[in-house]
Amino acid sequence: MMALLRSRKTMYVLVGLVVVGLVVSGAIGLFQSFNAAPVASQQQQGQQGQGQQGAPDGQQQEPPPDVGALGDPPSGFTYVDQDEAHCNGNVCFRLILVAGEDGEELDMSTDEAVTSVYEHLLSNGWRQELPEDADSPDDIALNDSVLTDGDTLVADSSAPGGDAIPVLMLGNAGMPAY
């Protein structure tokens, strides 16, 4: 058992799993921050915090949008739906892989692929959501931002590094009903 834990291959796999877990949990937090109600007062915050532990009894979670919400992919790309919804409380999302036209691996970096998809979405009516501390779209890199068409949010959920598989995360843009 100790020899297995000392193996470089095992360590790479463990590090990879930790990195993917951190990226996914960070993306979930990002979606939750966009869906959070504005803070009005300390008293209202306490009341909301008590009711947001999970989905209220009898309430169904709204499923995440399908890959069709992205429309047609840019030329030379295809979207590969992972056919699995991931839910955390009232927020659900779907992971979409970005691949070459016939599902083959892309011959460009992850950032270049995500930027190409984002530029395609922006040219088709999507808009860039800016964090509160950003004054203009120039303050944040395109592939580090979130895009929306009003109903759907899309964010880059790729693992860091130029040779990772480009992954997009789709979620609903609307506030969950309580």
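How much area does the protein expose, and what share of it do carbon and sulfur atoms supply? The protein exposes about 11000 Å², and carbon and sulfur atoms supply 51% of that; the areas come from the Shrake-Rupley method with a 1.4 Å probe, and for residues only the protein chains shown count as cover. Keep in mind that this is a predicted model, where local features need pLDDT of at least 70 and side-chain atom pairs count only at pLDDT 80 or more, while totals for chains, interfaces and linings use all residues. Residues are numbered from 1 along each chain as its sequence is written, and side-chain values use heavy atoms, with hydrogens and water left out.

**Overall make-up**

- You get four helices and six strands here, where helices (H or I, at least four residues) and strands (E, at least two) are DSSP runs numbered from the N terminus.
- Going along the sequence, the pattern reads α-α-α-β-β-α-β-β-β-β.
- Of the 178 residues, 29% are buried, where buried means under 20% relative accessible area, exposed over 50%, and partly exposed in between (1.4 Å probe, protein chains only).
- Among contacts with a separation of 6 or more, 58% come from residues 24 or more positions apart; a contact means heavy atoms within 4.5 Å.

**The sheet**

- The six strands make an open sheet, ordered 1-2-6-5-4-3, with antiparallel pairing; two strands pair if DSSP finds at least two bridges between them.
- Strand 1 (77-88) and strand 3 (127-129) sit at the edges with a single partner strand each, so one side of each has no neighbour in the sheet.
- On average, neighbouring strands are turned by 30 degrees against each other, direction ignored; axes are lines fitted to C-alpha atoms, for helices over the stretch in contact, and angles run from 0 to 180 degrees between N-to-C directions.
- Helix 4 (residues 110-123) lies across strands 1, 2, 3, 4, 5 and 6, and runs at about 155 degrees to strand 5.

**Strand pairs**

- Strand 1 and strand 2 (residues 91-100) run antiparallel and are joined by nine bridges, with Asn88 bridging to Val91 in strand 2.
- Strand 4 (146-148) and strand 5 (152-156) are joined by three bridges, again antiparallel, and Leu147 stands opposite Val154 in strand 5.
- That pair forms a hairpin with three residues in between, and Gly150 in the turn has a positive phi of about 105 degrees.
- Five bridges hold the antiparallel pairing of strand 5 with strand 6; one of the partnerships is Leu153 with Gly171 in strand 6.
- Strand 5 is mostly covered, with four of its five residues buried.

**The disulfide**

- A search of the whole structure turns up one disulfide, counted as a pair of cysteine sulfur atoms within 2.5 Å.
- Cys87 and Cys92 are the two ends, with S to S at 2.0 Å.
- The torsion about their S-S bond is about 110 degrees, so this disulfide is right-handed.
- Its two ends differ in cover: Cys87 is partly exposed at 40% relative accessible area, whereas Cys92 is buried at 4%.

**Ser157**

- Look for Ser157 in the loop between strand 5 and strand 6.
- With 7% relative accessibility, Ser157 counts as buried.
- Setting aside neighbours within four places in sequence, Ser157 is in contact with Val23, Ala27, Leu95, Val167, Leu168 and Met169.
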